Amino acid sequence: DVKEYCFEQPQVKFDMAAFRRKRDAYIERLNGIYASGLESAGVTKIIGDATFVDSHTLQVTASDGTTSQVSAEHILIATGGRPDLPTTPGMEHVMTSDGFFEM
């Protein structure tokens, strides 16, 4: 149903504000699902810049400059990322997911 995607018929109209609200609600829902899954698996979330001290220990620097060491049998590193687009003709017509979320 096109209404689910914020279009109206027979004259095609697009409601950008409604689209943004739906997009933002979807992202919030996904983030909640991911956070809940990690929490139920017993994962501890630590935010900061980290370096390995050894195979089971990280030294973490928080945004306020404080440092701490954490050790675990298993370490999951979620680095985030940014797109690296090639310089190919037509790239001006490309939108990454970053661009989509910035609309």
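How much space lies in the largest pocket? The legends below start there, and they describe a predicted model.

**View 1. The largest pocket and its centre.** About 960 Å³ of space lies in this pocket. Its lining is made up of 26 residues, and if you would like a place to begin looking, Thr44, Lys45, Ile46, Leu76 and Ala78 are the closest to the centre.

**View 2. The elements around the largest pocket.** Two or more lining residues come from each of helix H1 (16-40), strand E3 (49-54), strand E4 (57-61) and strand E5 (67-71). H1 supplies the largest share, with five residues. Sorted by class, the lining holds 16 nonpolar residues, alongside seven polar and three charged ones.

**View 3. Arg23 in helix H1.** Here we move to Arg23, which sits in helix H1. Is Arg23 buried or exposed? Its relative accessible area is 8%, so Arg23 counts as buried, the cut-off being under 20%. Setting aside neighbours within four places in sequence, the residues in contact with Arg23 are Phe100, Phe101 and Met103.

**View 4. Confidence along the chain.** The average pLDDT of the chain is 89, and 99% of the residues score at least 70. Which element has the lowest mean pLDDT? That is strand E1 (residues 7-8), with a mean of 78, while E4 has the highest mean, 97. Strand E4 is also one of the elements that give two or more residues to the lining of the largest pocket. A friendly reminder for close-up work: where pLDDT is low, predicted coordinates should not be read in detail.

How values were computed: Residues are numbered from 1 along each chain as its sequence is written. This is a predicted model: local features need pLDDT of at least 70, side-chain atom pairs count only at pLDDT 80 or more; totals for chains, interfaces and linings use all residues. Side-chain values use heavy atoms; hydrogens and water are left out. On a 1 Å grid over the protein atoms alone, a cavity is a set of points where a 1.4 Å probe fits but cannot get out, and a pocket is an open set with protein on both sides within 12 Å along at least five of seven lines; lining residues have an atom within 4 Å of a point. Grid points are joined across faces, edges and corners, and a volume is the space filled by probe spheres set on the points. Helices (H or I, at least four residues) and strands (E, at least two) are DSSP runs, numbered from the N terminus. Ala, Val, Leu, Ile, Met, Phe, Trp, Tyr, Cys and Pro count as nonpolar, Asp, Glu, Lys and Arg as charged, and the others, Gly among them, as polar. pLDDT is the predictor's confidence in each residue, from 0 to 100. Buried means under 20% relative accessible area, exposed over 50%, partly exposed in between (1.4 Å probe, protein chains only). Contact means heavy atoms within 4.5 Å.
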